[in-house]
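Okay, thanks for coming, everyone. I've got one structure to walk you through today, so let's put it on the screen.

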Amino acid sequence: MTPEESAEDACRTLVHLLHARRAQWDSEDVTPDGTGDMKRSLLMADYASKAPRLPEEYKAMLDRMVVEGFLPADPSAPLRRMPAPVAEKVRADVGVVTVIREELDAALAVFGLDGTVFETSEDGQRFYVAEIANSNQPARRLTVVVTAAGQAGQVRVGRPVHALVERFTPQAVFLLGTAAGIRGEVELGDVVVSDRVLYYEPGRYADPDVWQPRPESEHGRHPFGYGLFYYDPRRSDFPARVTEFVDGLPGHQRPAPLPPGHVPEVHTVHATIATGEQVLRDGTSLPALRERHDETIRAADMESYGFVKAVGDRRWLIFRGISDFGDARQSPEWKFLSSAFAALCLQDFLRTGYEPPGTSRL
């Protein structure tokens, strides 16, 4: 939070106390010890020290309200412009961003969240709050906030991510959901975890018939991925949690070819996610991207680059469950289940692998 924002929040609260409680100050002024007058004087002094940092028009409005605080309340004149006191911010350790409804539903189910309990922004974005234990920080649980972007696309994901960051100031933000995978490199339901994003769309036409690609990339700034380098889901109870989750699914949410006891493979090494603006359904574009740009590409989506740009300097990782192979053959059941596998993997990583800031075993 900037100093200007801090001053504005503090002044709003002070003016609320001076203005809305003026009847209280009047009654306390006549008490023998004069405590009411003393409290109001201290509030006034605090306001006077902070108000010079406010924007001029906003300061003028609050100044008028401070003066009105010394006048008797007029019951016929409701305080329509009265600023509310600033509510205490809920801080989060981790933010989780989904996009489509199936991804959000899977995240809520895995993290044990009640879909009817949430905070809401002015534009209707919902934030669901959970807590989770972390083996690298046993003294307290991590606070996790889950939200949804609502619409796919590099640009559309930016605003919801920014809203999450501004509201909860998480130390790390994770993109969670589905992706198209490269057949032969991954299987349906596999989870790709990555801190490497290739934005393949940029380029230029050298002439009307010659397109020259100029891809852009983003890489995580931490060489060990905040614990991802050491994370191995085979050493945790991830397989058991997957089995328990699948066994509890109703039949319509379980894909027909899913064998009993199926546990998805988790790809964390040399796993790049290609990302662009287009839905890939022709069956050839995704393998061509791998051949043209980077042999470590395992999956493709439509949000990762915009997500990384919106996160800024915070920690980030991307968890994607493979729901199709970028062709016309689509199975709706895999949208939810692959998202759930990615969410189970993220949950397991937060429990056993993630290293919060300041983690030390010394």
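So, start with two phenylalanines: F174 and F319 are both buried. Before I go on, keep in mind that this is a predicted model.

Those two rings pair up edge-to-face, with 6.0 Å between centres and 75° between the planes. What I like here is the sequence separation: F174 sits in strand β5, residues 172–181, and F319 sits in strand β14, residues 315–324, which puts them 145 residues apart.

F174 has another ring partner too. With Y354 it makes an edge-to-face pair, again 6.0 Å centre to centre, and here the planes are at 85°. That one spans 180 residues, from β5 to the segment after α10, the helix at 332–352. Y354 is buried, just like F174.

Now zoom out a bit. Which residues make up the aromatic cluster around F174? They are F174, Y231, F319, F349 and Y354, all in one cluster. Over the whole model, the count is 14 aromatic pairs.

On to the nonpolar cores. The largest one has 45 residues, and the ones with the most contacts inside it are F174, F319, L350 and Y354. So which element gives that core its largest share? That's α10, with 12 residues. As a general point, nonpolar side chains in soluble globular proteins tend to be buried together.

If you want the neighbours of F174, leaving out anything up to four places away in sequence, it touches V94, G95, V96 and V97, then F307, L317 and F319, and finally L346, F349, L350 and Y354. There's also a second, separate core of 29 residues, and V99, A299, I318 and I322 are among its members.

G95 from that contact list takes us to the strands. G95 stands opposite V145 in β4. Strand β1, residues 94–98, runs parallel to β4, and five bridges join them. Then β3, residues 126–132, pairs with β4 in the antiparallel sense, over six bridges. One example there is A130, whose bridge partner in β4 is V144.

Is β4 itself enclosed or open? Six of its seven residues, 142–148, are buried, so the strand is largely enclosed by the rest of the structure.

F307 was on the contact list as well, and that one belongs to helix α9. The buried residues of α9 are S304, Y305, G306, F307, V308 and V311. That's six of the eight residues in 304–311, so this helix is largely enclosed by the rest of the structure too. Right after α9 comes G312, with a positive phi, near 75°.

One for the electrostatics people: R298, over in strand β13, residues 297–301. Is R298 buried or exposed? It counts as buried, because its relative accessibility is 14% and the cut-off for buried is under 20%. Beyond four places in sequence, R298 touches A180, G181, I182, E185, V186, V192, H270, A271, T272 and R290.

Last bit, the cysteines. C11 is buried, at a relative accessible area of 0%, and C345 counts as buried at 0% as well. How many disulfides do we get? The count comes to zero.

That's my tour. Let's go back to the picture and talk.

Methods: Residues numbered from 1 in each chain as written. Predicted model: local features only at pLDDT ≥ 70, side-chain atom pairs only at ≥ 80, totals over all residues. Heavy atoms only, no water. Disulfide = S-S within 2.5 Å. Buried < 20%, exposed > 50% of the residue type's maximum accessible area, 1.4 Å probe, protein only. Helix = DSSP H or I, 4+ residues; strand = E, 2+ residues; numbered from the N terminus. Pairing = 2+ DSSP bridges. Phe/Tyr/Trp six-rings, centres within 6.5 Å; stacked < 30°, edge-to-face > 60°. Contact = heavy atoms within 4.5 Å. Core = buried A, V, L, I, M, F, W, Y, C linked by side-chain atoms within 4.5 Å.
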